[in-house]
Every structure is written in structure tokens, then in C-alpha cells.
Amino acid sequence: MNLLQNTLLKATGAANAPAATGAADAAAAIRSTAASAQQAADRFLTLLVAQLQNQDPLNPLDNSQLTTQLEQISTVSGVNQFNDTVGALGAPIGITQYLEAATLVGHDVVLSGNDLELTSGEGKGGVDLAAAADHVSVTVIDQLGHVVRTVYMGAQKPGAQFFDWDGRTDTGTVAPDGHYTFSVTATASGAAVTFDTLMVATVEGVVSTSSGALIQLAYGNQVAFDAIRQIH
């Protein structure tokens with residue numbers, strides 16, 4: 001075992017472990033014990049100089065082994081510097097996203113989902129149709145699972161189509177403001193049409209998290225900024 005490998009094993013408390021073999025093991029030991037890329041590079045050079053000074057004249061360090069060790073430490077240093085650079089760039093990107101999200105407060109946004117908020121007797125939702133439909137209907141459901149209102153949208157073109165609910169039930173009474181859900185039926189010549197339900201919600205605030213800005217919706221849900229499909 002050469003001096004570089006022996007010193008690395010002692011530094012990691014592995015002096016009694018099986019001997020490391022080759023330049024790759026020495027570089028791996030350096031990566032596991034260095035606190036940073038600069039520290040790893042400084043330590044590597046110190047050990048390498050010591051190894052060169054104390055090498056056996058009859059069995060000097062092989063040039064190819066030396067080259068491999070230098071390449072290993074260079075690679076580790078480069079990767080760490082790259083990660084630091086990416087991390088530094090990520091900070092202003094996160095701040096920019098947060099500021100952009102803050103401008104949405106008070107606006108209505110469209111997202112995938114079937115939640116329906118009735119506020120001051122007004123509710124709105126939508127459906128994103130994969131193809132034209134000659135019959136589209138919406139069923140509004142309360143929190144107990146009871147059908148409150150059926151809204152007939154008639155024939156609709158492909159794409160995002162929206163409906164308004166006036167807060168009236170099928171019996172003509174006024175439904176209380178609050179949280180509801182809805183389901184959609186869409187057909188063309190009797191065959192089902194593929195669709196995605198769309199919910200419309202008011203943005204009440206923005207929450208900053210380690211994973212990015214989250215949009216705080218009126219009924220308490222939090223969604224990612226990139227989940228927004230439309231802004232009204």
C-alpha cells in the first residue's frame with residue numbers, strides 16, 4: 001500500500017479495513033472525507049506530495065497511476081463547482097417565480113379538477129373536451145354527496161368550455177355558499193367523449209416553500225404554480 005492510500009485510510013478510521021487497491025480507491029476515499037471540493041483538492045495534493053517524497057526509489061509511482069489520480073480529483077472538483085453554480089442560479093429563479101405568483105392574488109385561475117366554489121350565489125367550472133360533443137351536462141354535488149343542480153351545456157366544440165351556476169337548486173331554492181363538486185357527461189352521437197374537468201378558483205395568497213411557490217386557493221387548497229392552465 002502506498003503512503004497516499006495509507007493516510008486516507010487512517011483519516012477515515014479504516015486503518016484496519018482491507019487495503020485499498022489502485023488510484024480509483026484512493027480518489028473514492030478522498031471524495032468521502034472532503035468537506036468541499038477545495039478541501040478535497042488541497043488534501044489530495046498534500047498526500048500526493050508526501051507519497052512522492054517517500055516513494056520507493058526501486059518501485060517509483062507509476063505515471064499512469066499519477067495521471068489517473070489527478071483526473072479523479074479534477075472531476076470531483078469540477079462537479080462540485082458546477083453544483084454550486086446551479087444552486088446559485090436557482091435562488092433568483094425561485095424569487096422571480098414567487099413574485100410572479102404574487103401578482104395572481106385576487107385573480108381567478110383555471111386548473112384541472114372538479115371542485116366548485118359557490119360565492120355570493122355564483123359558481124363557475126369547466127370541461128376540456130377532446131372532441132366536439134352534441135350533449136354536455138354538468139351535475140353539481142354538495143358535500144353530503146347529494147345532487148343539487150344539473151346544468152345543461154348543450155352542444156360544445158373541442159377545447160375548454162365553461163359553465164356558470166347561479167346557485168339555484170333543481171327545485172328552485174337557493175343553495176348556501178360553500179364548497180361543492182361537479183361531474184360531467186359528454187357524448188357525441190351517443191358515444192362518450194373524452195374530457196378533463198376544470199375548476200375555477202380565486203387566488204388568495206402565495207406560499208413560499210423549499211420546492212417553489214405554491215398558490216393558496218380560496219377554499220384552502222394549495223397548488224403548484226405550474227398547475228395553472230388559465231388566468232382569468
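Leaving aside neighbours within four places in sequence, H107 is in contact with A201, T202, V203, I231 and H232. In this predicted model, H107 is found in the loop between helix 4 (63–102) and strand 1 (108–112), and its partner V203 is 96 residues away in sequence although the two C-alpha atoms are 5.8 Å apart in space. With a relative accessible area of 37%, H107 is partly exposed.

The contacts of H107 can be set against the chain as a whole. The secondary structure comes to four helices and twelve strands, and of the contacts with a separation of 6 or more, 65% are accounted for by residues 24 or more positions apart. Of the 232 residues of the chain, 34% count as buried, while the accessible surface comes to about 13100 Å², of which 53% belongs to carbon and sulfur atoms.

**Nonpolar cores**

The largest nonpolar core has 19 residues, and those that touch the most other members are L129, V136, V138, W165 and Y180. Two or more residues of this core are given by each of strand 2 (115–118), strand 3 (123–129), strand 4 (133–141), strand 5 (147–156), strand 6 (159–165) and strand 7 (178–188). A second core, separate from this one, has 13 residues, including L111, M199, V206 and L217.

Which residues surround V136, once its neighbours within four places in sequence are left aside? The contacts of V136 are V127, L129, V151, Y152, M153, G154, Q156, V184, T185 and A186.

**Aromatic rings and a charged neighbour**

A pair of aromatic rings is described by the distance of the centres and the angle of the planes. The structure holds two such pairs, and their values are set out below.

| Aromatic pair | Arrangement | Centre to centre | Angle between planes |
|---|---|---|---|
| F163 and F182 | edge-to-face | 5.3 Å | 75° |
| W165 and Y180 | edge-to-face | 5.1 Å | 85° |

F163 lies in strand 6 and F182 in strand 7, so the pair they form ties together parts of the chain that are 19 residues apart in sequence. The pair of W165, in strand 6, and Y180, in strand 7, likewise links distant parts of the chain, here 15 residues apart. Both F163 and F182 are buried, and both W165 and Y180 are buried as well; W165 and Y180 are also among the residues that touch the most other members of the largest nonpolar core.

A further ring, that of F162, has the charged end of K124 sitting over it, at 5.5 Å from the ring centre.

**D134 and its surroundings**

Is D134, which lies in strand 4, buried or partly exposed? Its relative accessibility is 43%, and because this value falls between the limits of 20% and 50%, D134 counts as partly exposed.

Apart from neighbours within four places in sequence, D134 is in contact with G154, A155, T187, A188 and S189. For S189 the contact can be described in more detail, since the backbone nitrogen of this residue lies 2.7 Å from a polar atom of the D134 side chain. D134 can also be placed relative to V193, which is 59 residues away along the chain, with 9.6 Å separating the two C-alpha atoms. G154 is a contact of D134 and also a contact of V136.

Conventions
Residues numbered from 1 in each chain as written. Predicted model: local features only at pLDDT ≥ 70, side-chain atom pairs only at ≥ 80, totals over all residues. Heavy atoms only, no water. Core = buried A, V, L, I, M, F, W, Y, C linked by side-chain atoms within 4.5 Å. Buried < 20%, exposed > 50% of the residue type's maximum accessible area, 1.4 Å probe, protein only. Contact = heavy atoms within 4.5 Å. Phe/Tyr/Trp six-rings, centres within 6.5 Å; stacked < 30°, edge-to-face > 60°. Lys NZ or Arg CZ within 6 Å of the ring centre and 35° of its normal. Polar contact = N/O pair within 3.5 Å; in protein donor to acceptor, adjacent residues only side chain to side chain. Areas by Shrake-Rupley, 256 points an atom, 1.4 Å probe, with all protein chains shown as cover.
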